[in-house]
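Welcome, and thanks for taking a look at this one with me. Let's walk through the fold, the strand pairings, a helix and a pocket in turn.

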Amino acid sequence: MKRLSLWLIVFAFLGGFALSVRAQAGRVRTETRTPAEMGPFSEPLNKPPETVALPEIVDGERIYKLKEVDSRPIVTKKPAAVFIREARKRLIEGTVVLRVIFTATGEVKNPMLISGLAYGLTESAIKAAHKIKFRPAIKDGKAVSMWVRLEYTFSLY
């Protein structure tokens with residue numbers, strides 16, 4: 001019995017050591033950029049903290065939140081974002097988080113960057129977001145516009 005518990009301790013130690021070595025290898029970097037560093041999409045993107053209240057009216061139209069609608073929008077097609085070759089070459093991975101408006105007419109508008117990635121991954125996520133197809137949210141029997149949080153994860157594996 002003592003021999004078995006000794007082996008379990010040794011195995012647990014070696015397993016933990018292997019995990020810490022793998023974590024320290026630093027093979028994958030995650031980079032975040034500010035909107036000023038984002039390139040051509042930096043102008044319309046403002047970076048609100050998650051705690052900032054989203055505007056209720058945008059371009060003269062009322063924008064609802066999830067708890068205010070009777071039924072949420074139903075995504076029928078969500079194209080994947082293109083993993084940019086330069087980002088893949090530099091081993092960049094992570095998640096781009098956006099806030100967008102799913103409009104009553106079926107468009108995706110007003111992307112706001114919550115967190116982004118370098119080497120064109122943020123721009124790729126925004127382009128993919130604009131191609132999303134969905135059925136709008138419903139409030140009182142009619143289609144309405146709604147704020148939606150989108151996440152695009154870029155993983156090398």
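## Overall architecture

Residues 24 or more positions apart make up 79% of the contacts in the chain with a separation of 6 or more. Please keep in mind as you read that this is a predicted model.

The chain contains three helices and eight strands. Starting at the N terminus, its elements follow the order α-β-β-β-α-β-β-α-β-β-β. Of its 157 residues, 36% count as buried. The accessible surface of the chain is about 10200 Å², and carbon and sulfur atoms hold 59% of that surface.

## Strands E1, E2 and E8

Let's begin with a short hairpin. Strand E1 (residues 57-58) pairs with strand E2 (residues 61-64) in the antiparallel sense, over two bridges. Here Val-58 stands opposite Glu-61 in E2. Two residues lie between the strands of this hairpin, where Asp-59 takes a positive phi near 55 degrees.

E2 has another partner to show you. E2 and E8 run parallel and are joined by two bridges. If you would like a residue pair to look for, Ile-63 has Ser-145 in E8 as its bridge partner.

## The E4-E5 hairpin

Next comes another antiparallel pairing, this time between E4 and strand E5 (residues 108-115), with five bridges. Within this pairing, Ile-101 stands opposite Lys-109 in E5.

E4 and E5 form a hairpin with five residues between them. In its turn you will find Gly-106, with a positive phi of about 95 degrees.

## Helix H3 and its surroundings

How many of the ten residues of H3 are buried? Eight of them are, so this helix is largely enclosed by the rest of the structure. The buried set consists of Leu-121, Thr-122, Glu-123, Ser-124, Ala-125, Ile-126, Ala-128 and Ala-129. And what do these buried residues of H3 pack against? Their neighbours are helix H2 (85-89) together with E4, E5 and E8.

Ser-124 makes a good residue to zoom in on, and it sits in helix H3 (residues 121-130). Ser-124 counts as buried because its relative accessibility is 7%, while the cut-off for buried is under 20%. Leaving aside residues up to four places away in sequence, Ser-124 touches Ala-81, Val-82, Ile-84 and Phe-154.

## The largest pocket

Before turning to the pocket, a general word may help: rolling a probe the size of a water molecule over the atoms shows where empty space is left. In this model, the largest pocket has a volume of about 210 Å³. Which residues line the largest pocket? They are Leu-54, Lys-65, Leu-66, Lys-67, Arg-72, Pro-73, Val-75, Arg-99, Phe-102, Met-146, Trp-147 and Val-148. By type, the lining divides into eight nonpolar residues and four charged ones, with no polar residues.

Two strands, E4 (94-102) and E8 (142-154), each supply at least two residues of this lining. Of the elements, E8 gives the most, with three residues.

## Drawing the threads together

E8 is a handy strand to follow through the model. E8 is joined to E2 by two bridges, it is among the elements against which the buried residues of H3 pack, and it gives the most to the lining of the largest pocket. E4 is worth following too: E4 pairs with E5 over five bridges, it is packed against by the buried residues of H3, and it supplies at least two residues of the pocket lining.

Note on methods:
Residues are numbered from 1 along each chain as its sequence is written. This is a predicted model: local features need pLDDT of at least 70, side-chain atom pairs count only at pLDDT 80 or more; totals for chains, interfaces and linings use all residues. Side-chain values use heavy atoms; hydrogens and water are left out. On a 1 Å grid over the protein atoms alone, a cavity is a set of points where a 1.4 Å probe fits but cannot get out, and a pocket is an open set with protein on both sides within 12 Å along at least five of seven lines; lining residues have an atom within 4 Å of a point. Grid points are joined across faces, edges and corners, and a volume is the space filled by probe spheres set on the points. Helices (H or I, at least four residues) and strands (E, at least two) are DSSP runs, numbered from the N terminus. Ala, Val, Leu, Ile, Met, Phe, Trp, Tyr, Cys and Pro count as nonpolar, Asp, Glu, Lys and Arg as charged, and the others, Gly among them, as polar. Two strands pair if DSSP finds at least two bridges between them. Buried means under 20% relative accessible area, exposed over 50%, partly exposed in between (1.4 Å probe, protein chains only). Contact means heavy atoms within 4.5 Å. Accessible areas come from the Shrake-Rupley method with a 1.4 Å probe; for residues, only the protein chains shown count as cover.
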